[in-house]
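Grab a pencil and open the structure viewer. Here are some exercises to work through, each with its solution spelled out.

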Amino acid sequence: MENAYIILILVTTFGFFMAWGIGANDVANAMGTSVGSKALTIKQAVIVAGIFEFTGAYLAGGEVTSTIRKGIVDPHLLGNSPDLLIYGMLAALLAAGIWLLIASRLGWPVSTTHSIVGAIIGFAAVGIGMDAVKWGKVVDIVLSWVITPMLAGTLSFLIFRSIQKLILNTDRPFNNAQRYSPIYTFLAGFVIALVTLFKGLKHIGLQTSTGENYFIALLVGVMIMLLGYYFVRRIKIDKEADRDFHFANVEKVFGVLMVITASAMAFAHGSNDVANAVGPVAAVVGVVQSGGAVIQESVMPPWVLILGGVGIILGLATYGHRVIATIGSRITELTPSRGFAANLAAASTVVLASGFGLPISTTQTLVGAVLGVGFARGIAALNVNVIRSIFLSWVVTLPAGAVLAIVFFFIFKGIGFVSIS
Amino acid sequence: MGNYFSGIFGPSPISPLQAHMAKVQSCIEELIPFFEAVIKGDFDSATASHQAISTLEKEADKLKKELRIRLPSGLFLPFSRSDLLNVLTMQDSIANKAKDISGTVVGRQIKLPDPIDSSFVQFVSRSVDASAQAQTAINELDELVETGFRGGEVKLVEKMLTELDRIESDTDHIEAEIRMALFQIEKDLNPVEVIFLYRIIDNTGELADLAQRVGSRLQLMLAR
């Protein structure tokens, strides 16, 4: 295969840049609340987010990456022309990247996931043929975009109601916050560990049975519970702080819990969104590695996920800290108790979707979770117009990503730099 | 690149509403030194107090307009938007009423006759208590949002509103006594002056009514 190195360099550069963009921008949603409520400094937030985004991408990012890589386009139709897949995936990456750049310049709320999925469907349907798209899977994905925010909203509503019942609406909210917080931290650790284990960690050489999965998840849950308990116990009640606002000390306890669920959210985000950057990379690498065979039986190389994880960290370190700071100062309405409920609900939903290999919008899921708290009358004011435009953004983003990808696809095909010998 | 997540949070109307009530409260509190000066016959201090009331009323009006502008439709609030705007209107009418009262007294250079002057200060200060109690309840709004308008916090606010009702009924009793005392002496006074005295008594009595209405609008906000 000629030009193999050029193709690889090209696709990894595009993919890395995309991962950088994800790290620069989207990570802030998970960490912003912790910084805004002063539970973490910006530096701490960047470090915590970096660790959990990377582990999420590396340990749990495989399933969604494989969906982007070969779940949307049917490789069987491309048996004789692997070059089309390479042009297409390059075009999809470029299209999604440019569309995101345009949209964010104009202040439009668009999601990386919608852009890349739209771009892949676009080049496959028009460039190769309508049959090349696995429409059944596409329907699943689009349905998941509707279901996941609703699921996260329902979960956060229930979590917030339980917080009201157990902690906020009791006579001694501070003591009850300390007493019941281990249940929540255990749940956060347990759910995320369990879903990650069930998805399989074969690529790091870990093969576990169902029983072992439950045992390890239990262990992770208990460890996180103890860690949380240690920090929660260290909080001393400060009578002066409660004079103006009677729940100031309770919120300090939730500050600890929120850092834990924000870490979970960073993990979940890494597990779902890394695929947007490295899914196409994995597809191209697969073709190149097998010397031009499109039907890839080979396992995806783990370095692709690492590439994505490193890209996200770099984006976070070079630019993301600024976005975290801005978000943190703007979403003070999301106090720790609310941020905690929303993050726990969103993280669980996203990790679950990642387990099913569904590329979803993590931001929309988080917005759904915040709305759930709003429905429990827990937030002073939410902007319905902005929420509506966020939820409807994919209606524009899918065709936009598709059209751009089609244009780039035909340009690449016209240049014809891939030749199979 | 821009991030749009923070855009989903609208401006909270709660602290502006509380700031407005605080302004209204400092406006109506000024009625106490005002009537003390009137009773003493110190017309200069009374005029100065009236000026202060008028300025505070204007400032409250400004805060009211600002909050209305901050509340476009399309905000998802934990209470109905119209209930909140009703509370705001009621709060503002307390300050308006205070200005009316001091304005009438200053404009007509009214002197309170001997038998009613001491109970009148009591009347005013109890009315100020009523509005202070309404303010205490309004100040619980952030705690109400924190608890999601449920449980003990709701009971606490309801208790405050019961206390507000009690204070309002106190003012009714004092008002009745003052009317009775004035009735006894009214034939010895200038009839026009008597008409305006009754008007001032009416308006002062309405202060506590308005405070109570702030409370009942707040109660509507609690129940959705």
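The exercises below go from the contact between the chains to single residues.

Before you start, note that this is a predicted model, in which local features need pLDDT of at least 70 and side-chain atom pairs count only at pLDDT 80 or more, while totals for chains, interfaces and linings use all residues. Residues are numbered from 1 along each chain as its sequence is written, and chains are lettered from A and ligands numbered from 1 in the order in which they are written.

**Exercise 1. Describe the contact between chain A and chain B.**

Step 1: get the head count. Chain A puts in 40 residues and chain B 29 residues; two residues are in contact if their C-beta atoms, placed from the backbone, lie within 7 Å.

Step 2: find the elements. On chain A's side, those that each supply at least two residues include helix 1 (4-25), helix 7 (135-168), strand 1 (382-383) and helix 14 (384-415). Helices (H or I, at least four residues) and strands (E, at least two) are DSSP runs, numbered from the N terminus.

Step 3: sort chain A's side by chemistry. You get 23 nonpolar, 13 polar and four charged residues. Here Ala, Val, Leu, Ile, Met, Phe, Trp, Tyr, Cys and Pro count as nonpolar, Asp, Glu, Lys and Arg as charged, and the others, Gly among them, as polar.

Step 4: look for strand pairing across the chains. Strand 1 of chain A and strand 1 (residues 75-76) of chain B run antiparallel and are joined by two bridges; strands pair if DSSP finds at least two bridges between them. Asn383(A) has Leu75(B) as its bridge partner.

Step 5: zoom in on Gly151(B). This glycine sits in the loop between helix 6 (141-146) and helix 7 (152-185) of chain B. Leaving aside neighbours within four places in sequence, Gly151(B) is in contact with Gln164(A) and Asn169(A). Gly151(B) counts as partly exposed because it has 16 C-beta neighbours inside 10 Å. The cut-offs: a residue is buried if 20 or more other C-beta atoms lie within 10 Å of its own, exposed if 12 or fewer, and partly exposed in between, with C-beta atoms placed from the backbone.

**Exercise 2. Sketch the layout of chain B.**

Step 1: count the elements. Chain B has eight helices and one strand, in the order α-α-α-β-α-α-α-α-α.

Step 2: add dimensions. The C-alpha trace of chain B spans about 75 × 35 × 20 Å along its principal axes.

Step 3: check burial. Of the 224 residues in chain B, 43% are buried.

**Exercise 3. Which residues of the largest nonpolar core touch the most other members?**

Step 1: know what you're looking for. A nonpolar core is a set of buried Ala, Val, Leu, Ile, Met, Phe, Trp, Tyr and Cys residues joined through C-beta atoms within 7 Å.

Step 2: pick the best-connected members. In this core of 215 residues, they are Ala91(A), Ala92(A), Ile120(A) and Ala405(A). Helix 10 (residues 248-289) of chain A gives the largest share, 24 residues.

Step 3: follow one of them. Beyond four places in sequence, the contacts of Ala91(A) include Phe123(A), Ala405(A) and Phe408(A).

**Exercise 4. Compare the expected and actual spans of helix 14 and helix 12 of chain A.**

Step 1: use the rule. The expected span is 1.5 Å times one less than the number of residues.

Step 2: try helix 14. Its 32 residues should span 46 Å, and the end C-alpha atoms are 47 Å apart, which agrees. Helix 14 also bends by about 40 degrees at Leu392(A), where the bend is the angle between axes fitted to the seven residues ending there and the seven starting there.

Step 3: try helix 12 (residues 336-355). With 20 residues, 28 Å is expected, and the end C-alpha atoms are 28 Å apart. Since 19 of those 20 residues are buried, helix 12 is largely enclosed by the rest of the structure.

**Exercise 5. Are Arg377(A) and Gln109(B) buried or exposed?**

Step 1: recall the backdrop. Most residues other than glycine have a negative phi.

Step 2: take Arg377(A). Its phi is positive, about 60 degrees, and its place is in the loop between helix 13 and strand 1 of chain A. Arg377(A) is buried because 20 other C-beta atoms lie within 10 Å.

Step 3: take Gln109(B). Its phi is also positive, near 50 degrees, and the residue lies in the loop between helix 4 (81-107) and helix 5 (114-138) of chain B. Gln109(B) is exposed, with 10 other C-beta atoms within 10 Å.
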